[in-house]
Amino acid sequence: MNHPEAIAPIEPPCNEAVAPTLRRAAGDCRCADSDALRTASAVVQGMQEQMVHLARVATLGTLAASIAHEIRQPLTAIRLEAYAIQHWMKRCPGVADPVTQQVVQEVAEGVRRIQEQSERAEQVIHSLRAMMRSEPNKPQAFTLAQAVRDVMPLLEGRLKDGGIALRIDVDETLPPLHGDSVQIQQVLLNLVLNAIEARKEDCAELPLVELRARRVEPAMLRVEVIDNGGGIAPDQLARIFQPFVSTKGEGMGIGLAICRSIVELHGGSIRAASSEGRTTVTFTLPLQAT
Ligand SMILES: Nc1ncnc2c1ncn2[C@@H]1O[C@H](COP(=O)(O)OP(=O)(O)OP(=O)(O)O)[C@@H](O)[C@H]1O
Ligand SMILES: [Mg+2]
């Protein structure tokens, strides 16, 4: 006879610490059911591995914040030096020799690219640092369009690597939202990353992610993240917002659970639908009265 409930409530601080408790629990109910013990032990071990992974990611997060800080200074110096070179070049007297003219033009173009790329890198660092701030932001008014702009530098690289097109269709005239804009950026980031990670290897059509935002009811915003990736199996759909549900080797399965908490904390709701190679995750948020 199985008594799984006798071992269900065990907390998983450490496998060695838990094993005697499991054995005692099994002994207590006088049914040393080895299958139940093995199952419980596997669950505990799985949770323990997830905790170790979470701790590792948290440590890397702290490190990333300080690396971002260290990188920002030399990046700013590179950008300023590029400006200075441009300035000096403008003061140079013109040259008649066509070869020298060509070289000067190429140098000017190279300097412009240095500037452009260092500005881009600075934007990535800026978005990263904003996301990593540990103290909660004071609730304030912000627009979804601004939140999308702030999070984009963190997504561009992944989109480019995957050869994925991003179509943004956000009504710029929407009234503001109220709350923690960094948390809403986190929702956008998680949803677009999921859409990117869903990309099919053998995709016949162009891999595409769409981000749409519309006003629905008089004072509600509806945001949709749509992709044409691998889709979600019907039996998985109901579970994907639960923590630690993942079909990815490297996934922790917490992205959507976090999205749901954030959206609900802001007075909205979130759902997902998937059929015929099209997955849509939709969330709503209340708009501020204007
Ligand atoms: N757009 C999508 N297309 C296909 N499957 C998806 C999509 N979004 C979510 N899923 C499924 O839902 C699961 C849970 O997503 P969730 O974001 O919570 O975790 P994850 O992406 O696996 O890991 P992480 O914690 O790193 O985000 C995913 O593993 C995947 O199976
Ligand atoms: Mg995810």
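User: How is the word "buried" to be read for a residue, and what share of the protein chain counts as buried?

Analyst: Buried means under 20% relative accessible area, exposed means over 50%, and partly exposed lies in between. In this predicted model, 32% of the 290 residues of the protein chain count as buried. The protein chain exposes about 17700 Å², and carbon and sulfur atoms supply 56% of that area.

User: Which secondary structure elements does the protein chain have, and in what pattern do they follow one another?

Analyst: There are seven helices and seven strands. Along the sequence the pattern reads α-α-α-β-α-β-β-α-β-β-α-α-β-β. As for contacts between residues at least 6 apart in sequence, 70% of them join residues at least 24 apart.

User: How does one apply the cut-off to a single residue; is S118 buried or exposed?

Analyst: A residue is buried when its relative accessible area is under 20%. S118 has 4% relative accessibility and therefore counts as buried. The residue belongs to helix α3, which spans residues 98–132. Leaving aside residues up to four places away in sequence, S118 touches L75, I78 and R79. A polar atom of the S118 side chain also lies 3.1 Å from the backbone oxygen of Q115.

User: How is empty space found, and how much of it lies in the largest pocket?

Analyst: Rolling a probe the size of a water molecule over the atoms shows where empty space is left. Here the largest pocket holds about 1500 Å³ of space. Its lining is made up of 43 residues, with N190, L193, N194, E197 and G255 lying nearest the centre. Elements giving two or more residues to this lining include α2 (34–91), α4 (144–161), β5 (220–227) and β7 (278–286).

User: Which element gives the most to that lining, and how do the lining residues divide by character?

Analyst: The most comes from α5, with eight residues. By character, the lining of the largest pocket comprises 24 nonpolar, 14 polar and five charged residues.

User: Which residues other than glycine have a positive phi, such as F244 and E276, and where do they lie?

Analyst: For F244, which is not a glycine, phi is positive at about 65 degrees. This residue sits in the loop between α6 (234–237) and α7, and because its relative accessibility is 38%, F244 counts as partly exposed. For E276, also a residue other than glycine, phi is near 45 degrees. E276 is found in the loop between β6 (269–275) and β7; its relative accessible area is 83%, so E276 is exposed.

Methods
Residues are numbered from 1 along each chain as its sequence is written. Chains are lettered from A and ligands numbered from 1 in the order in which they are written. This is a predicted model: local features need pLDDT of at least 70, side-chain atom pairs count only at pLDDT 80 or more; totals for chains, interfaces and linings use all residues. Side-chain values use heavy atoms; hydrogens and water are left out. Helices (H or I, at least four residues) and strands (E, at least two) are DSSP runs, numbered from the N terminus. Buried means under 20% relative accessible area, exposed over 50%, partly exposed in between (1.4 Å probe, protein chains only). Contact means heavy atoms within 4.5 Å. Accessible areas come from the Shrake-Rupley method with a 1.4 Å probe; for residues, only the protein chains shown count as cover. A polar contact is a pair of N or O atoms within 3.5 Å; within protein, one must be able to donate a hydrogen and the other to accept it, and residues adjacent in sequence count only if both atoms are side-chain atoms. On a 1 Å grid over the protein atoms alone, a cavity is a set of points where a 1.4 Å probe fits but cannot get out, and a pocket is an open set with protein on both sides within 12 Å along at least five of seven lines; lining residues have an atom within 4 Å of a point. Grid points are joined across faces, edges and corners, and a volume is the space filled by probe spheres set on the points. Ala, Val, Leu, Ile, Met, Phe, Trp, Tyr, Cys and Pro count as nonpolar, Asp, Glu, Lys and Arg as charged, and the others, Gly among them, as polar.
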